[in-house]
Amino acid sequence: METIIFAEHSSVLPFWQRQGTVGKTLIYLDAHLDVQLVSEKRIAALKNCRTAEEVAKLEKPHHMLPDWGYSYSIEDFLYPAYCLGMISRLIWVSPHQNNQDNPEQSTQKTLQKLQAMEGVSLEDLSSFKRVGNILEGKLLGLEVVICDYGDLAKLQLPEDTLIDVDIDYFIELPADVPWIDPQEVFNSLQNLSVKPDFVTLTRSVSSGYTPLRYSFIADYLAALWVGNVLDSSHYSRLFQFDKQLLEGNSEAVVSGCLKELEKFPQCAATYYLLSLAENDVKLAQEYQTQAASLDINYQPSILRSISEFASRELKFESEQLAELEKQLSTSNINGEELAIAHVTLGLLYSKLGDFRKVFKHHQMYKKKGERHPQLNFRLGNLLLQAGYPQRAARFLNEALKDDMTACGAHSLLGRIYAKNGDLKQACEHFLQVSKMMPAFAPPVNVLTKIYRQIGDEENSQIMYKRYQRIQLATAILTQKLEAGAAVLA
């Protein structure tokens, strides 16, 4: 069994290409379902590739960059994998959900997420069914199963099924700590009747989705899969030490880590955990420095620090962002990373409603010679909320140029034109939203009303019937999913 560890998840796509992967079932453990619609133009660029190296060149160097010139990133690489014929069935093993939702509320939330996805049709939506905890249907044409890791044994799986794990799967939010020992999940996977040639693992640390202190989970799983008992036992102890540290037992963690270093003196993860447990500030810094000297990924990164707040949606105050700005101003990072840091800070300030700060970081990013679509969208949204629709429209029109923000921008522009009485232009924008999100009822309802206002009763009736079809399909599916959930209750 070969295990391959990637820094970021989308890098698995060119690897699959290099392996000649075709028509596989994929067991996919990830905190996020990275199936998003990718435009035909971007897919066509991938289909023109003849080598894995050409595919790799179409991967975004960082997920915060605009879509221009790239075909995939960490949030949408699975749809290209399907379009390229690499995978035919996706089994998303969703992470533990620490919430108080009852089955009906859980069903409603699942439906809302599916309906709000671009490209998901009524046919896709109607294809879903639930038996107990297992939900299955089609998304964008791809067969999808959604289940818990404990349900995998109930599924029919081909022997050559692929296994792919993003270790952010193990991080529970907002607690920001592991919810389970990775060995427990590994045991369930190992007991399946599948024999893949390789297992792919992703850290997702540089993008901020996994805390740096848990980067070693990828090494832990790799050691388990290859049967390296010495290493897996070491990482198992680190995992338990981390748990002790969370419980406040720092002295025991320091003692345990020092003992581990006697046997594993080159383990950067041990030094890093030791630095977190050590109360002596100077000594803790020495341990962090030692970790960074052994593994470059443990070096301080201002971009990673900023990304953590955005990627894991951590709570923050303006004072924390101000401190990050200060650190960024004195950091020594390259031009592209600096631009991405400004974008991310701008997005974070937009959550605080601070237009001035968002605009400042927008201007800093523009020094690259272009505007960033997400900042354009956020600025447009803030201006609209503040009562400046015309100024908002200028930013939103720029946001139309990127796949990631086009749908949202069309929706806000439709609202602006409708409020200004330009119903024909409003229709154009809401039609685009409806086209992008065909299973989503609100834009169709709005179009029904607008057509009636302008006296176009024929199109008003067409939209009303479409709205009714969506509502009926939603009601039928809700009933079907709730009935399925009750089977094993």
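## Helices α15 and α16

In this predicted model, α15 and α16 run roughly antiparallel to each other, because their axes cross at roughly 165° and angles over 145 degrees count as roughly antiparallel. Helix α15 covers residues 335-351, and helix α16 covers residues 355-365. Their axes come within 8 Å. The crossing is left-handed.

Which residues of α15 and α16 make the contact? From α15 come A339, H342, V343, L345, G346, Y349 and S350. From α16 come K357, V358, H361, M364 and Y365. By class, this contact holds seven nonpolar residues, four polar ones and one charged. The charged residue is K357 of α16. G346 of α15 falls in the polar class.

## Helices α9 and α11

A second pair is formed by helix α9, residues 229-246, and helix α11, residues 268-277. These helices pack at an angle of about 15°. Their axes lie 11 Å apart. Angles under 35 degrees count as roughly parallel, so α9 is roughly parallel to α11. The crossing of α9 past α11 is left-handed.

On the α9 side, the contact is made by H234, L238, F241, D242 and L245. On the α11 side, A269, T270, L273, L276 and A277 take part. The classes here are seven nonpolar, two polar and one charged. D242 of α9 is the charged residue. H234 of α9 and T270 of α11 are the polar ones.

Note on methods: Residues numbered from 1 in each chain as written. Predicted model: local features only at pLDDT ≥ 70, side-chain atom pairs only at ≥ 80, totals over all residues. Heavy atoms only, no water. Axes fitted to C-alpha atoms, helices over the stretch in contact; angles between N-to-C directions. Helix = DSSP H or I, 4+ residues; strand = E, 2+ residues; numbered from the N terminus. Parallel < 35°, antiparallel > 145°, perpendicular 65-115°, else oblique. Left-handed = near helix turned anticlockwise from the far one by under 90°. Contact = heavy atoms within 4.5 Å.
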